[in-house]
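Let's work through a few exercises on the structure below. Keep it open while you read, and try each task before looking at the solution.

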Amino acid sequence: NKMILLLGLLCSIWGKPDLCLGEPVESISYFLIKRDIKQVVMDTKNLYAVTTNATTETLHQLLHNLTPIQNRTLKGFDYVLLPFVKNDTLISCGVTDHKLCSFCEILDLNNISKILHSEHVQVGPQRRGNGSVSFLVDVKKDSAETETYILTAIQNHRDKTEENRCATDLNTINLYSTGLTGEIFSWSDQGSNKTGLQTEADVEFVDGFQINSTVYLFSNVASGAKANKVRLIWLQAETNKAQTLKSLRGATLSTSDGGEGSRLLASSVIPGGQPLLWSGVFSLDGGQINTHLLLFDISPDSSKRTYRDPDFYSSVDKPDNPSEPGILKPKKVLFKKKYMSSVLVVRQDSWMVFFIGTTNGVLIKLAVDKNNVPACPEELYRASRSQKELPKTHLDPVDRKYVYLQSKDQIIHIPVSKCNVYKNVKDCCTAQDPYCVWCYSERRCTFKDDCKGTEWLSIPDESHQEVVSHRSVNDNTGKVKVVVQVHLTVTQKLQSKFSCQITTTFGQLCRPNGPQPQYPQCTCILADALTTTGQ
């Protein structure tokens with residue numbers, strides 16, 4: 001049969017890729033310490049880590065290659081650690097067993113042993129836990145002036161026993177001055193009014209960040225006897241603290257099955273592009289076993305309707321007749337796997353690349369194309385038995401070809417890809433790795449910016465299981481055409497060199513005067529001998 005013969009010939013050109021195979025990459029460097037690592041933050045020069053034992057916490061300053069520079073013992077237990085790059089300072093706040101209960105220090109960003117300012121003030125939470133977040137927010141006061149504040153979103157428990165040890169009038173969500181203008185750590189607005197948002201519910205914050213003028217906060221909220229719900233609130237960072245907090249709008253995130261009681265475990269915004277996309281690791285059963293990675297459009301609510309959130313409010317008492325938050329449904333269920341605990345997303349050309357950590361110590365890389373179609377997941381790293389949990393993954397802010405993994409007592413610096421293990425063009429392209437290109441001038445698989453020439457080829461903008469596909473067409477003259485298409489991204493210079501050669505061991509397959517190849521496809525018009533004999 002001639003079609004079976006053609007299928008065999010074309011598949012021999014380039015078979016299906018060997019997906020999901022290969023060993024995890026080896027770690028490049030690591031920082032190992034016999035203490036628990038509680039926090040890791042970084043700027044463009046240094047990495048900062050807070051470690052703890054039973055009695056003390058230590059702040060470490062390291063280079064990006066994890067070479068230690070210096071460390072210092074903290075006054076107590078540190079919960080807020082923020083590099084303030086434009087002020088060249090590091091903000092460190094926490095609690096102590098001292099009767100004054102709390103502390104904040106402003107440190108030199110390049111020399112953490114140098115204290116620029118210190119005072120006893122409550123900024124972050126009063127108890128240990130992972131349910132609070134803090135980050136810097138730029139509030140545009142007018143067309144010429146922008147003020148930077150510290151936003152803290154503090155885990156709220158209806159049981160206030162532990163908090164009552166240290167009297168405080170903090171709200172659940174607060175904004176503090178950074179001292180560029182005005183008083184350091186003040187949370188009063190113009191005049192003497194203290195501003196903030198509060199709640200009566202049990203709230204565990206998972207993530208928060210600012211994109212342009214909009215602040216995004218994600219939390220798990222349990223109110224009364226109701227099942228847990230995942231909440232997103234938006235704030236418009238404009239004019240002053242009070243106006244920023246009053247701009248509150250909110251939504252509830254629905255999981256793929258629409259069931260109640262799911263929890264958000266981890267979060268990552270997807271940089272670049274409109275609409276604004278975000279991914280979250282959700283537990284469908286409330287634990288850490290049955291986990292899904294979901295993709296959402298989190299573009300802020302731009303409606304002008306009056307809105308009173310049912311869970312967060314700036315008034316003294318909970319408002320009567322609150323609004324019903326809108327429901328955001330996922331655009332896509334990207335991945336289903338047990339024990340997912342962290343996620344980091346980066347853009348690589350038109351692709352989204354997800355780095356997913358698990359509680360059993362595996363780092364998974366998942367490439368997703370512009371149509372939200374995932375390629376095959378790849379195991380990038382597997383921890384030793386003593387390093388089972390990977391609660392955080394951070395992108396190297398300078399060399400974006402590396403990520404940092406944070407485990408219990410170790411920070412690991414590993415490459416985002418293993419391009420160098422692919423020894424030929426077929427393996428390089430069928431790996432479905434957006435970071436890798438086949439460098440034509442150097443005859444090797446490498447990162448795109450490591451290819452010194454201008455001629456390279458890589459995977460296309462869309463996820464394909466085959467690098468080469470084909471289809472047969474019967475035209476109106478009775479001729480049979482076989483169209484072979486290459487699914488690759490190729491530089492303009494290489495496109496001009498594109499050619500096809502289809503040969504067999506039993507004679508002429510294609511007519512000699514057929515159409516000329518033109519990237520990305522070539523056409524073979526079957527020779528008369530094949531079409532008439534039915535081979």
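Before starting, a definition: a disulfide here is a pair of cysteine sulfur atoms within 2.5 Å. In general terms, it is a covalent bond between the sulfur atoms of two cysteines. You're looking at a predicted model, where local features need pLDDT of at least 70 and side-chain atom pairs count only at pLDDT 80 or more, while totals for chains, interfaces and linings use all residues. Residues are numbered from 1 along each chain as its sequence is written, and side-chain values use heavy atoms, with hydrogens and water left out.

**Exercise 1. Find the disulfide of C419 and C436, and work out what it ties together.**

Step 1: Look at the sulfur atoms. Those of C419 and C436 sit 2.1 Å apart and form a disulfide, and the structure holds 6 disulfides.

Step 2: Check the handedness. The torsion about the S-S bond is -95°, and the link of C419 and C436 is left-handed.

Step 3: Place both ends. Helices (H or I, at least four residues) and strands (E, at least two) are DSSP runs, numbered from the N terminus. C419 lies in the loop between strand 28 (410–415) and helix 3, and C436 lies in strand 29, so the pair ties together parts 17 residues apart in sequence.

Step 4: Ask about burial. Buried means under 20% relative accessible area, exposed means over 50%, and partly exposed is in between (1.4 Å probe, protein chains only). C419 and C436 are both buried.

**Exercise 2. Describe the disulfides that C522 and C524 form.**

Step 1: Take C522. A disulfide joins this residue to C500, with 2.2 Å from S to S. The torsion is about -100°, so the disulfide of C500 and C522 is left-handed. C500 is in the loop between helix 4 (492–495) and strand 35, while C522 is in strand 35, 22 residues apart.

Step 2: Compare the burial of the two ends. C500 is partly exposed, at 33%, whereas C522 is buried, at 7%.

Step 3: Move on to C524. Its disulfide partner is C510, and the S to S distance is 1.9 Å. With a torsion of about -110°, the link of C510 and C524 is left-handed. C510 counts as buried at 13%, and C524 counts as buried at 2%.

**Exercise 3. Why is C429 not bonded to C428?**

Step 1: Find the closest cysteine sulfur to that of C429. This sulfur is in C428, 5.2 Å away, which is too far for a bond.

Step 2: Check accessibility. C429 has 1% relative accessibility, so C429 counts as buried.

**Exercise 4. Which residues have the most contacts inside the largest nonpolar core?**

Step 1: Get the term straight. A nonpolar core is a set of buried Ala, Val, Leu, Ile, Met, Phe, Trp, Tyr and Cys residues joined through side-chain atoms within 4.5 Å.

Step 2: Read off the residues. The largest core has 23 residues, and C428, C436, C445, L457, L488, C524 and L526 have the most contacts inside it.

Step 3: See which elements contribute. Helix 3 (425–430), strand 29 (436–439), strand 33 (480–486) and strand 35 (521–525) each supply at least two residues of this core. Strand 33 gives the largest share, 4 residues.

Step 4: Look for another core. A second, separate one of 22 residues includes V133, V139, L235 and A237.

**Exercise 5. Where are the two partners of the salt bridge between E204 and R263?**

Step 1: Apply the rule. A salt bridge is a side-chain nitrogen of Lys or Arg within 4 Å of a carboxyl oxygen of Asp or Glu. The side chains of E204 and R263 qualify at 2.4 Å, N to O.

Step 2: Locate them. E204 is in strand 13 (residues 202–211) and R263 is in strand 17, 59 residues apart.

Step 3: Try another pair. K401 and D449 form a salt bridge at 3.5 Å, N to O. K401 is buried, at 19%, but D449 is exposed, at 62%.

Step 4: Zoom out. The rule gives 19 salt bridges, and K229, R231, D309 and D311 are linked in a salt-bridge network.
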